[in-house]
Amino acid sequence: MRMLMPTQSDTGLRYEVTFPSATAAKDQDAEFCDIVIDDETRRIRFHDYDEIYSIPGLYEQLFYYELKCQSPTVVCNRLEAAGADFDTLRVLDLGAGNGMVSERLQEMGADTLVGADIVEEAAMAAERDRPEVYDEYVVDDISAPDPENRDILESHDFNCMVSVAALGFGDVPPEVFAAAYAYVKEGGWVAFSIKDEFLTDGDGSGFARMIARAIDSGALELVDRHVYQHRLSAGGDALHYASVIARKRAELRP
Ligand SMILES: C[S@@+](CC[C@H](N)C(=O)[O-])C[C@H]1O[C@@H](n2cnc3c(N)ncnc32)[C@H](O)[C@@H]1O
């Protein structure tokens, strides 16, 4: 067991968290930890986003402080290095969560930031913890949004979409990614991170097929692909993701 003791607020550690031993750690889509809140131990699956976002600071502590997630920094820096002009970026942040990625994009000078997530608690946490970051935040199924949410998405004339650590694993499926991408104008930037294996053959998620076909057909112009350590697993192993930076040239077919 890797054990973290009760915490001081000035360290960014607020909760007593216990991760499973390496052998007990599950697959990435079933990862969990135990957390003590008000003298009660709760088991939290990493995919129980509603629960995690509802506990202030827990998402940041788990994924960024304990498990050393680097994805927002890596993807945003690669987007900048690829030549995106941040002052003019109108960004759709798909699977936005509580705003970690858009906070970084805002620091880098992005013009407009619109979050989109399927979980209501994500929008509530973004408003609670980063109220100055998003211009708007849509909670919906982006492949079939309510008319008023569709109007919001259409109104921003996006020239960039980012999706960090939100693709596959029961999160954003290919058809939702393609639907969100449709709100980006041609020539716009597309920046995402995804488990490296999901972009190789036989991943089963459908992303490999969709992205490979889009690159082959020219719908997606690949600018940069970079494999990096996304974070540690609950069991302490390095998890590798690919950061992909591309330009939209035509629609995607999931
Ligand atoms: C690991 S979190 C990443 C959050 C944020 N991008 C970050 O890097 O901190 C994955 C997010 O994807 C969201 N998500 C999952 N399925 C989704 C879907 N179909 N449409 C939109 N968001 C989805 C989850 O609710 C969660 O907030």
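Here are three short exercises on the ligand site of this predicted model.

**Exercise 1.** Work out which residues surround the ligand and how they divide by type.

*Solution.* Start with the count: the ligand has 18 residues around it. Tyr53, Tyr59, Gly95, Asp117 and Val164 are the closest. Now sort the shell by type: 14 residues are nonpolar, two are polar and two are charged.

**Exercise 2.** Find polar contacts of the ligand, taking N or O pairs within 3.5 Å.

*Solution.* Go through the ligand's oxygens and look at side chains. One pair puts a ligand oxygen 2.6 Å from an N or O atom in the side chain of Asp117. For the side chain of Tyr59, the distance from a ligand oxygen is 2.8 Å. Then try nitrogen: a ligand nitrogen lies 3.4 Å from a polar backbone atom of Ile118. As for cover, the ligand on its own has 600 Å² of accessible area, and the protein covers 94% of that.

**Exercise 3.** Place the ligand within the fold.

*Solution.* First, the pocket: the ligand takes up the space of the largest one. Next, the elements: α1 (49-54), α2 (58-66) and α4 (100-107) each give two or more residues to the shell. Last, the domains: domain 1 (2-66) and domain 2 (71-248) both contribute shell residues, so the ligand lies between them.

Conventions. Residues numbered from 1 in each chain as written. Predicted model: local features only at pLDDT ≥ 70, side-chain atom pairs only at ≥ 80, totals over all residues. Heavy atoms only, no water. Near = heavy atom within 4 Å. Polar contact = N/O pair within 3.5 Å; in protein donor to acceptor, adjacent residues only side chain to side chain. Areas by Shrake-Rupley, 256 points an atom, 1.4 Å probe, with all protein chains shown as cover. 1 Å grid on protein atoms, 1.4 Å probe; cavity = no way out; pocket = protein on both sides within 12 Å on 5 of 7 lines; lining within 4 Å. Sits in = over half its atoms within 2 Å of the grid points. Helix = DSSP H or I, 4+ residues; strand = E, 2+ residues; numbered from the N terminus. Nonpolar A, V, L, I, M, F, W, Y, C, P; charged D, E, K, R; others polar. Domains from an automatic or database assignment.
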